[in-house]
Amino acid sequence: MSDSPKLTHLDASGQPAMVDVGAKQPTRRVARARSRVVLGPEIMALVQEGDLPTRKGPVFQTAILAGIMGAKRTSELIPLCHPLCLDNCQVTIEVDGPDAVLIECTATVTGKTGVEMEALTGASVAALTIYDMCKALSHDILIQETRLVSKTGGKQDFHHAG
């Protein structure tokens, strides 16, 4: 048997399969993911008191709620993800330079499987919500750099070096 990494969601015949986590012991697991949304300087100039007011409502507050809701529903969106009962999910949005915002989603669970997909989904859904709420102002909005920043509590911890 090779020690090289293997795809965990394929069975011996190469067919999709859910990972069996039944024998694992629950541990506290935390994952943090990030997305960057380039809105452009014109839209960023409209940011007031830490949010962007629109006729649809406050963009960042709505995106935070959408990100949390997305993280909670990850297993309904990603076919082989286990349904998790999150202990916590926090989404933050901060200005990143003159033309962008940085979204960070931190998901926490006490369970048998990791929570990185929930953190990635939360950051992605928040970014998509910002796009949706601002698209009337510009279609040049760019969602970029969605990535896992860190994860702890499983078989192997991870911290992005950047």
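**Helix α4, its pocket and H82**

Let me start with helix α4. Its buried residues are E118, A119, L120, T121, G122, A123, A126, A127, T129, I130, M133 and C134. Keep in mind that this is a predicted model.

How long is this helix? Helix α4 covers residues 116-134, which is 19 residues. From first C-alpha to last, α4 reaches 27 Å. That is close to the 27 Å expected at 1.5 Å a residue.

Now step back to the whole protein. There are four helices and seven strands. Starting at the N terminus, the order is β-α-β-β-α-α-β-β-α-β-β. The C-alpha trace spans about 55 × 30 × 30 Å along its principal axes. The protein has 162 residues, and 37% of them are buried. Look at contacts with a separation of 6 or more: 68% of them join residues 24 or more positions apart.

Next, the second largest pocket. Its volume is about 190 Å³. Two elements give two or more residues to its lining: β2, residues 53-54, and α4. Which of the elements gives the largest share? Helix α4 does, with three residues. The full lining is L46, L52, P53, T54, R55, K56, D132, M133, C134, K135, A136 and L137. By type, that lining splits into seven nonpolar residues, one polar and four charged.

One of those lining residues deserves a stop: D132. UniProt lists D132 under "active site", and the entry is unreviewed. D132 is found in helix α4. Is D132 buried, partly exposed or exposed? D132 is partly exposed, because its relative accessible area is 32%, and the partly exposed class runs between 20% and 50%. Compare M133 and C134: both are among the buried residues of α4, and both also line the second largest pocket.

Last stop, H82. Where does H82 lie? H82 is in the loop between α3, residues 74-77, and β4, residues 88-95. Why does H82 count as buried? Its relative accessibility is 16%, and buried means under 20%. What does H82 touch, leaving aside neighbours within four places in sequence? The partners are M18, V19, V21, S75, T113 and E118. One of them takes us back to where we began: E118 is in contact with H82, and E118 is among the buried residues of α4.

So much for the tour. To recap α4: the helix holds D132, and α4 gives three residues to the lining of the second largest pocket.

Methods
Residues numbered from 1 in each chain as written. Predicted model: local features only at pLDDT ≥ 70, side-chain atom pairs only at ≥ 80, totals over all residues. Heavy atoms only, no water. Expected span 1.5 Å × (residues − 1). Buried < 20%, exposed > 50% of the residue type's maximum accessible area, 1.4 Å probe, protein only. 1 Å grid on protein atoms, 1.4 Å probe; cavity = no way out; pocket = protein on both sides within 12 Å on 5 of 7 lines; lining within 4 Å. Points joined across faces, edges and corners; volume = space filled by probe spheres on them. Nonpolar A, V, L, I, M, F, W, Y, C, P; charged D, E, K, R; others polar. UniProt positions renumbered as here; feature names shortened; annotations may be inferred. Contact = heavy atoms within 4.5 Å.
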